[in-house]
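Reader: I would like to learn how to read helix packing, burial and backbone outliers in a model. Can you take me through some cases?
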Amino acid sequence: MALLAILSFANENGLARTPPMGWRSWNLYGANVNQTLMQRVMDGMVRRDRLVDGVPTSLCDLGYCDVGLDDNWQQCGSYGAEGYTYHDEQGNPIVNTHRFPSFKNMTSYAHALGLTSGWYGNNCICQDKKTAASKFYAGDVKALREYGFDSIKLDGCGAQVDLQLWDDLIKATAPTTGRKAIMVENCHWGSVVPFEPTATWCPWNFFRTSGDIRAAYASVVGNLQTTIKYATSGLSRPGCWAYPDMLEVGCKHGPGGESDKGLTPTETKAHFAAWAIISSPLTLSHDVNDPNITDQIWDVITNKEAIAVNQAWAGHSGSPFKQSDEIIILDEINYAALPRHSKVEKHYSLGPTAVAAYQFLYKPLERASEVSGSPRTAVLMMNHAILEMTMTLKFSEIPGVTCTTCQIRDIWAKKDLGTFNGNYTVTVAPHDAPFLIISDPTSRKLA
């Protein structure tokens, strides 16, 4: 009954019951994208030339199966008497067929590989500001179906900002076309109502909580903070997940330019673990066909225990439960609050990225009613400071944990660390984050 209650106020299209996983083009290609590049990525997502736990495994085998196109597929121009920038007078989108000769062939290519294919709407490059009439929504949804896309990212640059209308039209087309439900990403950058979910309304499957992420630790941590209010108010849940933007693992010098300096190996693990423990959709955006990049991040993005934490649902999406009183400045710019496509130097008034020196996050992996004793709980101990820090995790402070003597498993090391009485103390390097599962050695599953 509890699950039915959750589904009744999330998107009722049956999708995203766990956080979606996939890949999207913007951080790698920006506007320089085309059909050939997208199909090469699709090949990379299903290639089984690397091992996971000793078995040849592709990224799609692990759940990363949706390959999404971002901006600059449209043919920019001036169309009709009103001068629409990429729609004709009937509301149909106009595709740049030099870049994308056949969307239908591209989505069919994805489907033949066992993948799904994502589109992008309400575009930012040559944005259409005059297309608020319903015929333009209808034209885009008709094209979405005819081209065979399985998901769509709805950006916030054009005039098509009625998310309920999008949802109504997408669902209305399904019975007559025979197509499956469409996964919908609401990419309105953490904007206020009407782009935030409520307890009874969420006509999309996941929603952006922040400005665009950059490949820098300060940006990662700043975006992470924007999910807290949704987790603590129960608004990030199956069918309607809070999303602080794409993963920046293996990314640098992308569309953010100098601010995309890249993450260290330690920061990469902390970033991935943070997105896992808050139940964020896991959207890769690196070059999956670059063996050097893949070497650096493979063990992180393919860690089955980390992915399992992300995919678990026991009533809470994951949030901080303890943090230091000391506040530190990670960057003079708050990237999470930047308006779309803004020049950074114009927005110092937004303030810096200021965070607690350390944060402990948790996510329950089981409901208390499902086990005797304390339910398993994931914990992430994040050191945001630039100095090494000794941290003590007190079991009594972790929400829902009732064991005094608890067992600890290290997710990255894939091994049990043993049982500890009352607390666990560890020395943590700068920007590092022990990723643990806390369990009661005496607990068992109830029938």
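Author: What follows is a tour of helices, loops and single residues. The model is predicted.

Reader: Start with a helix pair. At what angle do the axes of helix α3 and helix α4 cross?

Author: Read the distance and the angle together. Helix α3 covers residues 35-46 and helix α4 covers residues 103-112. Their axes come within 10 Å and cross at roughly 5°. That makes α3 roughly parallel to α4, because angles under 35 degrees count as such.

Reader: Which residues of α3 and α4 meet?

Author: From α3, the residues are Q35, M38, Q39, M42 and D43. From α4, they are F103, N105, M106, Y109 and A110. By type, the contact of α3 with α4 holds six nonpolar residues, three polar and one charged.

Reader: Now the second pair. How do the axes of α9 and α11 cross?

Author: The α9 and α11 axes come within 7 Å, and the crossing is roughly 35°. α9 contributes F272, W275, A276 and I277. α11 contributes A306, I307, V309 and N310. The division for α9 with α11 is seven nonpolar, one polar and no charged.

Reader: N310 is in that list. Is N310 buried or exposed?

Author: Check accessibility, then the partners. N310 sits in helix α11. Its relative accessibility is 0%, so N310 counts as buried. Beyond four places in sequence, N310 contacts P19, W275, A276, S279, S280, L282 and K363. W275 and A276 also belong to the α9 side of the helix contact.

Reader: How do I read the faces of a single helix? Which residues of helix α10 are buried?

Author: Sort the residues by burial, then look down the axis. Helix α10 spans residues 291-301. I293, T294, I297, W298, V300 and I301 are buried. Viewed along the α10 axis, these buried residues fall within an arc of 160°, so they line one face of the helix.

Reader: Which residues of α10 are exposed on the other side?

Author: N292, Q296 and D299 are exposed there. The buried residues of α10 have cover from elements that include β2 (51-52), α9 (265-277), β10 (282-284) and α11 (304-311).

Reader: Which residue caps the N-terminal end of α10?

Author: Look for a side-chain oxygen and a backbone nitrogen. D290 is the cap. A side-chain oxygen of D290 lies 2.9 Å from the backbone nitrogen of N292. N292 itself is one of the exposed residues of α10.

Reader: Take a contrasting case. How many of the nine residues of helix α7 are buried?

Author: Eight of them, so read α7 as mostly covered. Helix α7 runs over residues 217-225. Its buried residues are Y217, A218, S219, V220, V221, G222, N223 and L224. The cover includes α8 (228-232), α9, β12 (327-331), β13 (353-356), β14 (358-364) and β16 (377-383).

Reader: On to the backbone. What sign does phi usually have?

Author: Most residues other than glycine have a negative phi. D53 has a positive value, near 55°. D53 is in the loop between β2 and β3 (55-56). D53 is exposed, at 52% relative accessible area.

Reader: What is the phi of C126?

Author: Phi of C126 is near 45°, again positive. C126 lies in the loop between β5 (116-121) and α5 (134-147).

Reader: N122 is in the loop between β5 and α5 too. Is N122 buried or exposed?

Author: For a loop residue, check burial and then the polar partners. N122 is buried, with a relative accessible area of 1%. The backbone oxygen of D155 lies 2.8 Å from a polar atom of the N122 side chain. The backbone nitrogen of Q160 lies 3.1 Å from a polar side-chain atom of N122. Past four places in sequence, N122 contacts Y86, D155, G156, C157, G158, A159, Q160, V161 and H188.

Reader: One last residue. How far apart are L28 and L15 in space?

Author: Compare sequence separation with distance. L28 and L15 are 13 residues apart in sequence and 27 Å apart, C-alpha to C-alpha. L28 lies in helix α2 (residues 26-29). At 29% relative accessibility, L28 counts as partly exposed. Leaving out residues up to four places away, L28 touches W23, S285, H286 and D287.

How values were computed: Residues numbered from 1 in each chain as written. Predicted model: local features only at pLDDT ≥ 70, side-chain atom pairs only at ≥ 80, totals over all residues. Heavy atoms only, no water. Axes fitted to C-alpha atoms, helices over the stretch in contact; angles between N-to-C directions. Helix = DSSP H or I, 4+ residues; strand = E, 2+ residues; numbered from the N terminus. Parallel < 35°, antiparallel > 145°, perpendicular 65-115°, else oblique. Contact = heavy atoms within 4.5 Å. Nonpolar A, V, L, I, M, F, W, Y, C, P; charged D, E, K, R; others polar. Buried < 20%, exposed > 50% of the residue type's maximum accessible area, 1.4 Å probe, protein only. Arc of directions from axis to C-beta. Polar contact = N/O pair within 3.5 Å; in protein donor to acceptor, adjacent residues only side chain to side chain.
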